[in-house]
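Start with the rings. The text below walks through aromatic contacts and then moves to the surface.

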Amino acid sequence: MNQLPTLQSFIAGQWIGATAANPLTSAVNGKPVYHTHAETIDFEQSLDFARCAGQQSLLAMDFQSRAACLRALGKYLIEHKEALYAISAHSGATRADSWVDIEGGAGTLFAYASLGRRELPSGNLIPEGDVIPLGPTGAFAGGHILVPRRGVAVHINAFNFPVWGMLEKFAPNFLAGMPCIVKPGSSTSYVTEAAVRLMQQSGLLPEGSLQLVIGRTGDLLDRLGGQDIVTFTGSAATAAKLRVTPNLVANSVMFNAEADSLNCAILAPDVMPDDAEFDLFVKEVVREMTTKAGQKCTAIRRVLVPADKVDAVTEKLISRLAKTRVGDPAIEGVRMGALASHDQQRDVRHQVEALMTSCERVYGGAADFAPLGEGASDGAFFEPTLLLCRDPDAEGGAHDIEAFGPVSTLMPYRDIDHAIELAARGKGSLVSSVITRSPELAARIVPALASWHGRVHILDAEAATESTGHGSPLPMLKHGGPGRAGGGEELGGIRAVKHYLQRAAVQGSPTMLTAVTGEYVRGGQTYETEVHPFRRHFEELKIGESLLTHRRTVTEADIVNFGCLSGDHFYMHFDELAARDSQFEQRIAHGYFVLSAAAGLFVSPGVGPVLANYGLDNLRFVNPVGIGDTIQARLTCKRKIDQGKESPKGDPQGVVAWDVQVTNQQGGLVASYDILTLVKKLGVGN
């Protein structure tokens with residue numbers, strides 16, 4: 001008889017665990033497939049390793065290099081995904097379910113790699129927002145910076161997404177330069193362990209950046225300090241207990257919770273049974289009931305329907321649910337697998353019994369329900385179950401009880417105000433959906449729902465061609481919700497990275513702020529040399545390197561010629577009488593002529609390291625330029641970002657942002673902006 005493998009924890013750079021402890025069974029047939037390990041983890045050693053080796057290795061990199069590492073990790077996981085699919089099958093997940101978890105997790109790594117490359121600077125400090133003058137002359141100024149916290153992120157995850165649940169938190173904390181310790185839900189921890197093994201075997205993980213805990217967290221939370229962060233995904237009840245852990249409270253340890261919630265979908269009253277949106281609504285409800293066997297924190301638990309359409313919706317839902325084949329995901333045609341464990345099966349059954357005190361069953365609970373597959377009768381299967389609550393205004397019931405499985409409750413509403421009121425009875429949810437054909441109704445409903453929901457999904461026939469669905473959190477958008485949903489926030493693009501950074505206000509002279517932020521602050525020291533800045537390669541440029549151009553006097557001919565060339569004959573440029581009656585009291589030059597003239601003043605026209613200008617940021621026309629005014633430009637190297645990219649011809653290049661100030665003969669600012677350029681790096685042949 002073959003001995004079952006024992007899962008191991010990855011602690012302080014070592015895999016530990018040789019003695020078998022608790023068995024973990026297959027959700028498909030109930031047979032044991034793995035054991036957790038019995039060894040106790042030394043969390044003092046684990047935290048010391050993360051705070052020393054982990055922080056050192058991560059901060060030896062910068063945002064850009066960590067982004068590149070995330071991309072390589074995602075690619076490695078995709079290359080080895082079939083090993084994860086094979087293991088994930090034990091959890092009862094179908095191939096489609098595992099795709100969301102495995103390839104969706106890798107996709108999150110790719111998304112954060114791309115966000116980091118595009119939006120974050122080189123280095124380990126992010127200047128945030130504009131620098132604000134704090135004195136009359138500008139010699140004293142202040143702003144905000146974001147820097148990596150000098151602590152450890154502890155991620156306590158749920159069982160339902162053993163790969164994505166880890167990676168959607170790991171990606172932003174890694175990009176922020178913070179090591180993490182991951183504790184997956186035990187029932188599916190074998191999938192997480194397999195993913196961590198792959199990541200470690202890739203050779204890409206910096207030392208100490210990721211540790212894995214199989215089993216209990218012991219005294220881990222009691223050893224955390226004020227620089228550390230705890231994130232939790234799971235039940236609202238467990239989140240409430242962990243949040244008030246005495247040590248977390250005493251040390252003000254940041255705690256972020258994403259808890260189960262009673263998400264809803266609203267069929268708006270304008271949608272008729274013959275409309276495409278009616279069928280979209282039914283498909284969305286059934287999909288959320290059956291994907292991952294309903295084990296999603298974002299699944300639709302409450303189905304809000306106009307009272308006069310309850311029968312039509314019920315009929316179509318039953319028809320669609322009856323076609324759903326439930327059983328071993330290895331069998332062709334099976335659309336819904338098992339719950340993750342027998343414990344989960346018992347919990348869902350108990351919660352459905354509690355719901356039955358205020359609801360009636362309209363589908364499910366058949367005595368002859370038999371999942372497909374050999375040994376499936378011993379698995380953790382649960383039949384899709386649709387309930388109807390005829391009195392949705394009553395206390396409790398589906399507004400308070402969540403069966404974390406393939407269970408949803410229909411609720412009739414009288415009008416839109418009643419639907420909004422019922423949606424809010426969930427006391428805070430991760431997501432709500434509105435299915436409507438009417439932009440006017442959407443404009444009325446969505447703001448009301450937004451105060452109680454972390455995300456609002458609007459579905460109509462137009463969006464359906466590309467919609468990722470009610471239950472799919474996306475890396476670019478916030479995931480989290482108020483109240484019962486935990487009050488936390490994950491994902492949301494770069495917002496998630498900033499959760500793992502410390503914000504600080506910094507005050508000083510512009511020169512000092514430039515030195516600290518690595519980004520030129522106006523009024524700070526500049527460097528002028530005999531070499532035009534556009535003649536320097538990326539590595540040669542210094543922040544603050546500057547050029548003050550010669551001058552140019554704007555003539556009437558300039559304005560007329562630019563108007564003829566551009567086709568812009570706006571009256572302020574051509575109508576003497578109208579312009580005289582305006583606030584400027586004279587004809588003025590086109591703003592875009594001022595930009596063009598400034599470019600003519602500061603460019604170096606010959607072939608050189610500057611490869612392309614690809615945009616302007618923060619453009620403002622501050623004061624008008626009249627006929628006879630004389631303009632001058634100052635070009636200053638503001639920011640350098642090494643994204644590790646090459647031109648189409650293979651030339652390595654970096655991004656340089658230049659601060660441009662255009663002034664008039666009195667020294668007054670007339671235009672202000674940043675110009676973005678691709679600048680060639682030094683290399684062979686230069």
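R197 sits over the face of W15, 3.8 Å from the ring centre. This is a predicted model. A second charge over a ring involves K640, which lies over the face of F538 at 4.8 Å from the ring centre.

Next come the ring-to-ring contacts. The structure holds ten aromatic pairs. One of them joins F159 and F404. Their centres are 6.0 Å apart, and their planes meet at 80°. The pair counts as edge-to-face because the angle is over 60 degrees.

Where along the chain do F159 and F404 lie? F159 is in the loop between β7 (153–156) and α5 (164–175). F404 is in the loop between β15 (385–388) and β16 (407–413). The two residues are 245 residues apart, so the pair links distant parts of the chain.

Are these two rings buried or exposed? F159 has a relative accessible area of 18%, so it counts as buried. F404 is buried as well, at 12% relative accessibility. The cut-off for buried is under 20%.

Aromatic residues also group beyond a single pair. F534, F602 and W658 form one aromatic cluster.

Now turn to the surface. I132, L134 and F140 make a nonpolar patch of about 280 Å² there. F140 belongs to the loop between β5 (126–133) and β6 (141–148). The relative accessible area of F140 is 40%, so this residue is partly exposed. Patch residues need over 30% relative accessible area, and F140 has 40%.

How values were computed:
Residues are numbered from 1 along each chain as its sequence is written. This is a predicted model: local features need pLDDT of at least 70, side-chain atom pairs count only at pLDDT 80 or more; totals for chains, interfaces and linings use all residues. Side-chain values use heavy atoms; hydrogens and water are left out. Rings of Phe, Tyr and Trp (its six-membered ring) pair if their centres lie within 6.5 Å; planes under 30 degrees apart count as stacked, over 60 as edge-to-face and the rest as tilted. Helices (H or I, at least four residues) and strands (E, at least two) are DSSP runs, numbered from the N terminus. Buried means under 20% relative accessible area, exposed over 50%, partly exposed in between (1.4 Å probe, protein chains only). A charge sits over a ring if NZ of Lys or CZ of Arg is within 6 Å of the ring centre and within 35 degrees of the ring normal. Patches are made of residues with over 30% relative accessible area and no salt bridge: like charges are joined within 9 Å, nonpolar side chains (Val, Leu, Ile, Met, Phe, Trp, Tyr) within 5 Å. Accessible areas come from the Shrake-Rupley method with a 1.4 Å probe; for residues, only the protein chains shown count as cover. A salt bridge is a side-chain nitrogen of Lys or Arg within 4 Å of a carboxyl oxygen of Asp or Glu.
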